[in-house]
Amino acid sequence: MSKMNDLSHLLGGHSLQEARGMLLSFWAKYRALFPQHQLWAEVESHRKTLDRCLPIFLHGDEGVAYKKGGVLVLSMQGAFGHGSRASERAKRLEENYRALSDGIPLNFLRTGFQTRLLICVCPKDMYAEDRRVWNALFENAVADLATAQREGVDLGGTAGRIFPIVLGNKGDWSYLVSSANLERSYRRAPKGAGENGDHNVEGPGVCHLCTCGQGTDWEDLNAADAAMDQAFTVELPVPWDRESPMTRELLVDNSCNGKNRFHCIDPWHALHLGIGKAWVASGIMMLQHLVPETQVDKRMRAIGAEYRSFCRRQKLDPVIRRIDIHSFGGGGANEANGTWNKAAVTSNFMMFLQEFCEQRAAMVEGDERLRIFAFGTKRINTFMRGIYSGEVFLPRATAAELSKALYEFIKAYLYEAHASAHLGLPYFPLFPKLHFLHETAHELKRQSEIADYAFNPAVYSCALDEDFIGRTAVITRCVSPRIIAKRTLERYLCHIQLAWARH
Ligand SMILES: [Zn+2]
């Protein structure tokens with residue numbers, strides 16, 4: 001890219017010259033939110049200028065390789081891109097969208113290969129048994145980025161240098177734990193949380209950002225809020241056993257516990273592939289009784305038919321064709337939870353259930369648990385639609401509003417969890433991903449209170465990164481299993497040449 005002086009794949013389709021205003025606007029807003037980031041000292045000492053600093057994120061995940069083995073795929077992406085489907089829709093529908101927009105679009109349009117860049121592939125059997133290999137992968141990838149960040153990348157001729165600035169590490173929670181060697185994470189949460197009051201209070205901690213699960217109960221929202229506030233004023237013990245080269249070598253936020261926040265929380269994984277599945281499944285277990293059928297199978301079939309009809313009307317792919325009690329955990333004494341693994345099913349169902357409740361408003365209003373479920377569903381839909389139709393920065397009023405919507409959803413979830421536990425029903429299971437949503441709500445609120453714009457948590461969403469991993473994993477399955485990494489990199493270069501030539 002530097003040889004051809006073509007940085008458009010990191011700059012949302014723009015050249016460095018065209019992106020100048022966007023970059024300056026990006027960094028001005030970023031600085032108001034993270035005034036102690038180490039980048040500012042570099043700029044003040046004239047080692048770099050902000051119109052030459054490209055904000056990027058790292059992403060990592062395991063894909064499915066040959067014979068169902070795993071393969072680690074590391075990639076990078078521009079913090080901004082071509083927008084999102086929801087923002088395109090909002091632009092068409094809302095006349096004042098332009099007024100709200102500040103022209104820095106999210107990076108969710110186009111394919112993964114057009115908007116993400118491969119850094120490394122490594123088959124799991126090479127690192128699974130040997131921690132040194134895993135560490136060396138990150139040491140090498142980061143050393144390269146750190147040099148580029150420090151010394152810049154020469155664009156040749158008179159074009160000067162650019163500086164890729166890595167702002168964070170994205171991925172699902174399991175990847176964050178492995179890549180950052182986290183000691184405080186969901187893996188340390190006691191099993192059977194929520195069954196008795198003090199279960200979650202004492203332990204090694206469930207969150208790398210705060211002290212929840214280490215003397216603070218993450219299910220107590222007031223106590224957890226206080227712990228999250230404290231993480232900005234009191235230096236906590238480090239959350240890892242061995243610090244990742246990412247926070248050791250790259251520029252980081254120098255504020256209190258800033259290094260911990262380099263490892264970003266993805267609201268899409270936490271919700272669509274986590275809490276949202278349990279919310280939907282539990283909701284359906286409660287709402288099925290509004291369907292006038294005597295047998296559970298018939299009620300589920302009726303709900304399934306209504307769901308498919310909703311998807312048809314909204315032009316959504318229903319993804320799952322067959323819907324029965326097993327889609328929601330099986331019923332009876334089983335924990336209610338969605339058994340699908342596609343995020344779109346969760347978001348479809350959340351929209352469908354909002355309509356389902358609205359159409360039965362009289363019955364729903366008469367039952368406190370149903371009423372709060374309908375309210376929570378509406379609020380979480382507001383939140384998701386809000387972040388995806390926004391841009392990289394959300395105006396403070398929008399951020400405050402979306403944070404409130406997410407808080408109200410979390411409160412509704414906790415209400416339902418306790419009401420279900422009280423009735424002896426296995427609905428609304430409590431697991432630590434709910435705390436990740438709480439962290440997201442808290443951070444949006446905090447930022448809306450200190451600056452005019454908040455950083456959109458959708459930037460941390462891995463929805464399109466999964467597409468990139470999928471495409472890369474497909475390549476790894478087509479090459480000689482003996483030299484997967486080398487052959488995948490070669491074929492990847494051929495693929496992107498084609499993908500890039502199209503635009
Ligand atoms: Zn936390």
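Which residues is L406 in contact with, leaving aside its neighbours within four places in sequence? I looked this up and found F383, L437, T440 and A441. Contact here takes C-beta atoms, placed from the backbone, that lie within 7 Å of each other.

A note to self on the ground rules: this is a predicted model, where local features need pLDDT of at least 70, side-chain atom pairs count only at pLDDT 80 or more, and totals for chains, interfaces and linings use all residues. Residue numbers run from 1 along each chain as its sequence is written.

**Cores.** Next I turned to the largest nonpolar core (buried Ala, Val, Leu, Ile, Met, Phe, Trp, Tyr and Cys residues joined through C-beta atoms within 7 Å). It has 115 residues, of which I165, L406, Y413 and L437 touch the most other members. I see that α11 gives the most to this core, with 13 residues. Domain 1 (20-170 + 464-501) and domain 2 (267-457) both contribute residues, so the core lies between them; the bounds come from an automatic or database domain assignment. Apart from it I found another core of 11 residues, including C207, C212, A227 and M228.

**Backbone oddities.** Most residues other than glycine have a negative phi. I noted N257, not a glycine, with a positive phi of about 60°. N257 sits in the loop between α10 (245-249) and α11 (267-287); helices are DSSP runs of H or I, at least four residues, numbered from the N terminus. N257 is buried, with 20 other C-beta atoms within 10 Å. The cut-offs are 20 or more for buried, 12 or fewer for exposed, and partly exposed in between.

V319 also went into my notes, with a positive phi of about 65°. V319 is in the loop between α12 (296-314) and α13 (343-359), and is partly exposed with 14 C-beta neighbours inside 10 Å.

Conventions:
Helices (H or I, at least four residues) and strands (E, at least two) are DSSP runs, numbered from the N terminus. Two residues are in contact if their C-beta atoms, placed from the backbone, lie within 7 Å.
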